[in-house]
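Let's walk through how the chains of this model meet one another. Have the structure open as you read, and follow along pair by pair.

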Amino acid sequence: MKNIKFLLALSVLTLTTFAMQGTAFAQQVNDPKFNKMMKDGFKADGIAGLDRIDQDATQKFCSDPVFSGSKQAEKMREKIQKINMDGIKQPSDGKYIGDWKKGEAIAQSGRGATWTDKADTPIGGGCYNCHQIDPKEISYGNIGPSLTGYAKLRGYSQDVVTYTWNRINNSKAYNACSNMPRFAHFKLLNEQQIQDVMALLLDPASPVNQ
Amino acid sequence: MQRKFTLGLASGVLAALLTVSTSVLAQKSATDDIAKYREMIADGNPSELYEAAGEDLWKKPAGPKNATLEKCDLGIGPGVVKGAAAQLPRYFKDTNKVQDLESRLMTCMQVLQGRDPQEMIDAPFQKGPKKDMEAIVAYVVTLSKGDKIKVSTAHPKEKEMYELGKRAFFYQGGPMDFSCASCHAEDGKRIRLQDLPNITTQKGAALGWGYWPAYRVSSGQFWTMQQRLNDCFRQQRFPFPIYGSDLTIALSMYMAKNANGGTVETPGLKR
Amino acid sequence: MNQQRRSLLKYSAVFGLMASAGLISVAQAQEWNKAAFEGKSLDEVFKILGAGTPDKSGAITLNAPDIAENGAVVPVGITTTLKAEQMSILVEKNPSSLAAQFFIPAGTESFVTTRIKMGQTSNVFGLVKADGKWLMAVKEIKVTLGGCGG
Amino acid sequence: MADPMRVRAAESGGVVDVKILMKHDMESGQRKDAAGKTIPAWFISTINVKANGKDVLNGQFGPAVSKDPFLNFKYKGAKGDKIVVSWVDSKGDKRTDEATAS
């Protein structure tokens, strides 16, 4: 959760910018009643501490979809995307592609990081919650786009590889209010796990590309 | 580089569209099959087992005052249960608060029976005093089945609660950046094979609010709205929402008001 | 001699008496078929029930969904145009195959529906004994992962 | 003591349609508790249904029958039939409930 604190500090910075821009926020005006309701509404349980409701700049911005999607918020969107892009690290060992079979297992699991989980419970990618991936899996969600045939359709170029790496690491680098979790930023998946998920999408042998 | 990449992607788009159309067909039949499954289990909703127990608990003297809940005012007069749940949450003069069904029942248990609400708040779901609460909720909501959802925001406190709930609905947090809106603010979305009602619309809100509380087949438990919200927050990776807190009531107010005009189908039967 | 066997015999005698006195029903006297319910495979259960190798029959219908949204509750019904004496539901890939067994007295229709648990996608069998013959119907039911925590 | 069942019986054309919901955990013996210990199996094992004192169905359940079991069957009968449903579980707990065919 160190990251949250770091981004919190950032959010103070950006908030100042907000104020200077003088934009009207439909919902994001500071409302002591709302703040109190949120503060009194939760209690810490296990690994789910109260710091989880402290918002970073991205979360704060995206909690007002009317504003964040508006024309006047364009600059702010770009700024949020840049903050997120700047935090992305390329693989330390230079390896982008891991084991697609392990990637499939990560994509299947939607577990981890809840107050009923332990700190060492492996966190799943939960990819099938929102995406179609291996065409054999019929139980898939549609909040995100279908990823079936991912590399077959897009190719295996380094551009595609880097873009995919970045997107899994921190989707908000491309779309400030993407619904996709920031897997590396919040340490939901480690580097090796992300390499495995990459393989599921980009290994020619993966069922995704058959 | 960004631009070149976009161009590169475009060539794949047409091919992608083609695959999508075939997979949509497969998906359609899967959702049809799921609909058939739901239809098959709809007959024989185990919620009935809870309703019967709840009716007994409503009429049975309990607590330090050894009184029943039969004089409990759920908003349309002391002792009137029929139709009451369809109009909740609402503002109550005696507590000067907007209350949902469960927080109101806690007030009745405290005032009429002398029970300590904190015990209810602290109890885990499905156990001890909460088990009684769940049965009573099943009994109360069944007596609004078929009624039109009719929630008022005429009182300033009701209006305020609605606005607070709306803001909470869009509030992102936690290590996955989720808010209620991440899953429930667009039409036609699913997680895995589960349809996600768009709660920002009347139709979607009625599908969500109108079918909870419900018996959940995956856990084999009857879930009240408070437990439904609790598990949403768990999956959102938020901290634990406090039972009966204003936060939970505000969210219920937002959903219920949006659902106005829909039909109460509770107790529902859910995955 | 085998102590367990002796006491079992004694129990049967008591149950037999109670049954003839109308105190308990035939099925209750016919104690719960432990061996059959603990049978690990279809063949094992068929053998214990004395069903041999049942033939598939078009006269039996298995009413069940193609996909179950949750393996914890899978509705399964058996109907047959034959005059059934017994109807059983078996799940090939469950840890124990036999899920439920019904004895159908004269005057009761050859129709029963219940709900079962399935650990995974599997063939489900409706086994019927009619006119002393064992027949069956089979259907694959897909069990899907549901919800965001799956 | 075990919780009551819900028994519904509706006659139509000389056939009584009986629907039964039983309150029971039907513990499969496959589940583990939070500490990782297997929760022992505990389930309704036999069920008997009588109409006016005569058997209309006998059933045996294994632990693979769902929690809060549901049962639906039909027999030749009439309005006013007195239906008595009894179950016994694997620990010897029992429950009997009645309904009248309508």
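Chain C and chain B each bring 19 residues to their contact, where contact means heavy atoms within 4.5 Å. This is a predicted model, in which local features need pLDDT of at least 70, side-chain atom pairs count only at pLDDT 80 or more, and totals for chains, interfaces and linings use all residues. Residues are numbered from 1 along each chain as its sequence is written, chains are lettered from A and ligands numbered from 1 in the order in which they are written, and side-chain values use heavy atoms, leaving out hydrogens and water.

Between chain C and chain B about 1,700 Å² is buried, with carbon and sulfur atoms giving 58% of that area; buried area is the accessible area (1.4 Å probe) that two parts lose on being put together, summed over both.

What salt bridge does the rule find across this interface? B:Arg38 pairs with C:Glu69, and their closest N and O atoms are 2.5 Å apart. The rule asks for a side-chain nitrogen of Lys or Arg within 4 Å of a carboxyl oxygen of Asp or Glu. On the side of chain C that touches chain B, the elements giving two or more residues are β3 (67-68) and β4 (74-80), with strands being DSSP runs of E of at least two residues, numbered from the N terminus.

Now turn to chain A. The axes of its helix α2 (residues 32-41) and of helix α10 (residues 246-258) of chain B come within 8 Å and cross at roughly 115 degrees; axes are lines fitted to C-alpha atoms over the stretch in contact, and angles run from 0 to 180 degrees between N-to-C directions. Helices are DSSP runs of H or I, at least four residues long. A:Met37, A:Met38 and A:Gly41 meet B:Asp246, B:Leu247 and B:Ala250 here.
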